[in-house]
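Here's a quick briefing to keep beside the model while you look around. Take a first look at the fold, then read on.

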Amino acid sequence: MTTKIIREPGSGKTKELMILCLRDKATLVCANPDAMYVKADAYGLSNIHIISYEDYLRTSNLESDKYYLDDIDEFLKKIGCNILGFGGNS
């Protein structure tokens, strides 16, 4: 099952992802891990494993590791995709 969190900016999506990472013993993938660790600290969350998009692309093991991706739009830009839209099931 894939979790999708789609809401307005500032609505707590990143915090929710961090909580899911802790619950599922997963890695959070984001643009700037240093800034994300600062956010986690501000939320009072610790022991979150966070890596950059680049590290994810270089080292991920999709068969055994679990990942939550912060900001799919930024990730797609990072890998060079010019996606104008997307769809899927809720």
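Contact here means heavy atoms within 4.5 Å of each other. By that rule, Ile51 touches Thr27, Leu28, Val29, Cys30, Pro33, Tyr56 and Tyr67, leaving aside residues up to four places away in sequence. Keep in mind that this is a predicted model, with an average pLDDT of 87 over the chain.

**How far to trust it**

- In the chain, 92% of the residues score at least 70 in pLDDT.
- Confidence peaks in helix 2, at a mean of 97, and is lowest in helix 4 (residues 72-78), at 84.

**The sheet**

- The core piece to find is an open sheet of three strands in the order 2-1-3, paired in the parallel sense.
- Strand 2 and strand 3 (67-69) sit at the edges with a single partner strand each, so one side of each has no neighbour in the sheet.
- On average, neighbouring strands in this sheet are turned by 30 degrees against each other, ignoring direction.
- As a general reminder, strands of a sheet pair through backbone hydrogen bonds, and they can do so parallel or antiparallel.
- Strand 1 (residues 27-30) and strand 2 (residues 49-52) are joined by four bridges, in the parallel sense.
- One place to see this pairing is Val29, whose bridge partner in strand 2 is Ile51.

**Helices against the sheet**

- Helix 1 (residues 13-24) packs on the sheet and touches strand 1 and strand 3. Its direction makes about 175 degrees with that of strand 3.
- Helix 2 also packs on the sheet, touching strand 1 and strand 2. The angle between the directions of helix 2 and strand 2 is about 155 degrees.
- Follow the chain from strand 1 through helix 2 (residues 33-42) to strand 2 and you trace a right-handed β-α-β unit.

**A closer look at Ile51**

- Ile51 belongs to strand 2, and its relative accessible area of 12% makes it buried, because the cut-off for that is under 20%.
- Along the sequence, Ile51 and Thr27 are 24 residues apart, yet their C-alpha atoms are 7.1 Å apart in space.
- Thr27 is also among the residues that Ile51 touches.

**The cysteines**

- How many disulfides does the structure hold? The count is zero.
- Why no bond for Cys21? The closest cysteine sulfur, in Cys30, is 9.6 Å from the sulfur of Cys21, which is too far for a bond; a disulfide would need the two sulfur atoms within 2.5 Å.
- Cys30 is likewise in no disulfide, with the sulfur of Cys21 as its nearest cysteine sulfur.
- Both side chains are tucked away: Cys21 is buried at a relative accessible area of 2%, and Cys30 counts as buried at 1%.

**Two residues with positive phi**

- Asn47 is not a glycine, but its phi is positive, at about 65 degrees.
- You'll find Asn47 in the loop between helix 2 and strand 2, where it is exposed, with a relative accessible area of 75%.
- Asp71 is another residue other than glycine with a positive phi, near 70 degrees.
- Look for Asp71 in the loop between strand 3 and helix 4.
- Is Asp71 buried, exposed or partly exposed? At 36% relative accessibility, Asp71 counts as partly exposed, because the class runs between the 20% and 50% cut-offs.

How values were computed
Residues are numbered from 1 along each chain as its sequence is written. This is a predicted model: local features need pLDDT of at least 70, side-chain atom pairs count only at pLDDT 80 or more; totals for chains, interfaces and linings use all residues. Side-chain values use heavy atoms; hydrogens and water are left out. Two strands pair if DSSP finds at least two bridges between them. A crossover is right-handed if, with the strands pointing away from the viewer, the path from the first strand over the helix to the second runs clockwise. Axes are lines fitted to C-alpha atoms, for helices over the stretch in contact, and angles run from 0 to 180 degrees between N-to-C directions. pLDDT is the predictor's confidence in each residue, from 0 to 100. Buried means under 20% relative accessible area, exposed over 50%, partly exposed in between (1.4 Å probe, protein chains only).
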